[in-house]
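Here's a quick tour of one protein chain for anyone new to reading structures. Have the picture open while you go through the points below.

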Amino acid sequence: QVQLVESGGGLVQAGGSLRLSCVASGRVFSINAMGWYRQAPGKQRELVATITRGGSTNYTDSVKGRFTISRDNAKNTYLQMNSLKPEDTAVYYCNAAIADTPSLKYTDYWGKGTLVTVSS
């Protein structure tokens, strides 16, 4: 069974930084795109950043220049968040398209989320 586990959330003052990590475990044969989403209280979940297996990245406009998504050659993705603002407060979720067999049938998986709180 495949699991995604996020870590690195917490409370930080405006202007500060946090680094989120996401580790895929279990029966992971191949990982395609990975990404980070967030959901603020009372709002819908929104895309923050994505990264393809080849390293191409995409960011929502509100985090461009402040957040950086990366991944290593294993099963991990990271989100470096700098110059944090109170409006970045949300639960951050990791997402990945994972194939658990050589058939390369990819399925979307989600982590349970990690809370980021930015105080003003």
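Before counting anything: strands here are DSSP runs of at least two residues marked E, helices are runs of at least four marked H or I, and both are numbered from the N terminus. With that in hand, this predicted model comes out with 0 helices and 11 strands. Let's look at the whole chain, then zoom in on a few residues.

**The big picture**

- Reading along the sequence, you go β-β-β-β-β-β-β-β-β-β-β.
- The C-alpha trace spans about 50 × 25 × 20 Å along its principal axes.
- How does the radius of gyration fit a compact globule? For 120 residues you'd expect a value near 14 Å, and the chain has 14 Å, so the two agree.
- Of the 120 residues, 39% are buried.
- Take the contacts with a separation of 6 or more: 58% of them join residues that sit 24 or more positions apart.

**Surface and charge**

- About 6400 Å² of the chain is exposed, and 47% of that comes from carbon and sulfur atoms.
- On the charge side, there are 13 positive and 8 negative side chains.
- The centres of those two sets lie 4 Å apart.

**Strand β8: Asn-76 and Thr-77**

- Strand β8 covers residues 76–81, and Thr-77 is part of it. Asn-76 belongs to β8 too.
- Is Thr-77 buried or exposed? Its relative accessibility is 0%, and buried means under 20%, so Thr-77 counts as buried.
- Thr-77 has plenty of contacts beyond its sequence neighbours, including Leu-20, Cys-22, Trp-36, Ile-51 and Cys-94.
- The side chain of Thr-77 also reaches the backbone oxygen of Ser-70, at 2.8 Å.
- Asn-76 has a relative accessibility of 15%, so it counts as buried as well.
- Which side chains make polar contacts with the side chain of Asn-76? One is Asp-72, at 2.8 Å, and another is Tyr-78, at 3.4 Å.
- Skipping neighbours within four places in sequence, Asn-76 is in contact with Cys-22, Val-23, Ala-24, Met-34, Ser-70 and Arg-71.
- Asn-76 and Leu-4 are 72 residues apart in sequence, while their C-alpha atoms are 9.2 Å apart in space.

**The loop between β9 and β10: Leu-104 and Lys-105**

- This loop runs between β9 (90–99) and β10 (107–110), and Lys-105 is found in it. Leu-104 has its place there as well.
- Lys-105 has a relative accessible area of 65%; exposed means over 50%, so Lys-105 is exposed.
- Which residues does Lys-105 touch, once you ignore those up to four places away in sequence? They are Ile-98 and Ala-99.
- Lys-105 and Ser-30 are 75 residues apart in sequence, yet C-alpha to C-alpha they are 9.4 Å apart in space.
- Leu-104, with a relative accessible area of 42%, is partly exposed.
- Look at the backbone of Leu-104 too: phi is about 55 degrees, a positive value, although this residue is not a glycine.

**Two more loop residues: Ser-83 and Gly-113**

- Where is Ser-83? Look in the loop between β8 and β9.
- Ser-83 has a phi near 50 degrees, which is positive in a residue other than glycine.
- At 41% relative accessibility, Ser-83 counts as partly exposed.
- Gly-113 is in the loop between β10 and β11, where β11 covers residues 114–119.
- With 26% relative accessibility, Gly-113 counts as partly exposed.
- Gly-113 makes contact with Glu-6, Val-91, Tyr-92 and Tyr-93, leaving aside neighbours within four places in sequence.
- The C-alpha atoms of Gly-113 and Cys-94 are separated by 6.9 Å, and the two residues are 19 apart along the chain.

How values were computed
Residues numbered from 1 in each chain as written. Predicted model: local features only at pLDDT ≥ 70, side-chain atom pairs only at ≥ 80, totals over all residues. Heavy atoms only, no water. Rg over C-alpha atoms; globule rule 2.2 N^0.38 Å. Buried < 20%, exposed > 50% of the residue type's maximum accessible area, 1.4 Å probe, protein only. Contact = heavy atoms within 4.5 Å. Areas by Shrake-Rupley, 256 points an atom, 1.4 Å probe, with all protein chains shown as cover. Lys, Arg positive; Asp, Glu negative; His and termini not counted. Charge placed at Lys NZ, Arg CZ, Asp CG, Glu CD. Polar contact = N/O pair within 3.5 Å; in protein donor to acceptor, adjacent residues only side chain to side chain.
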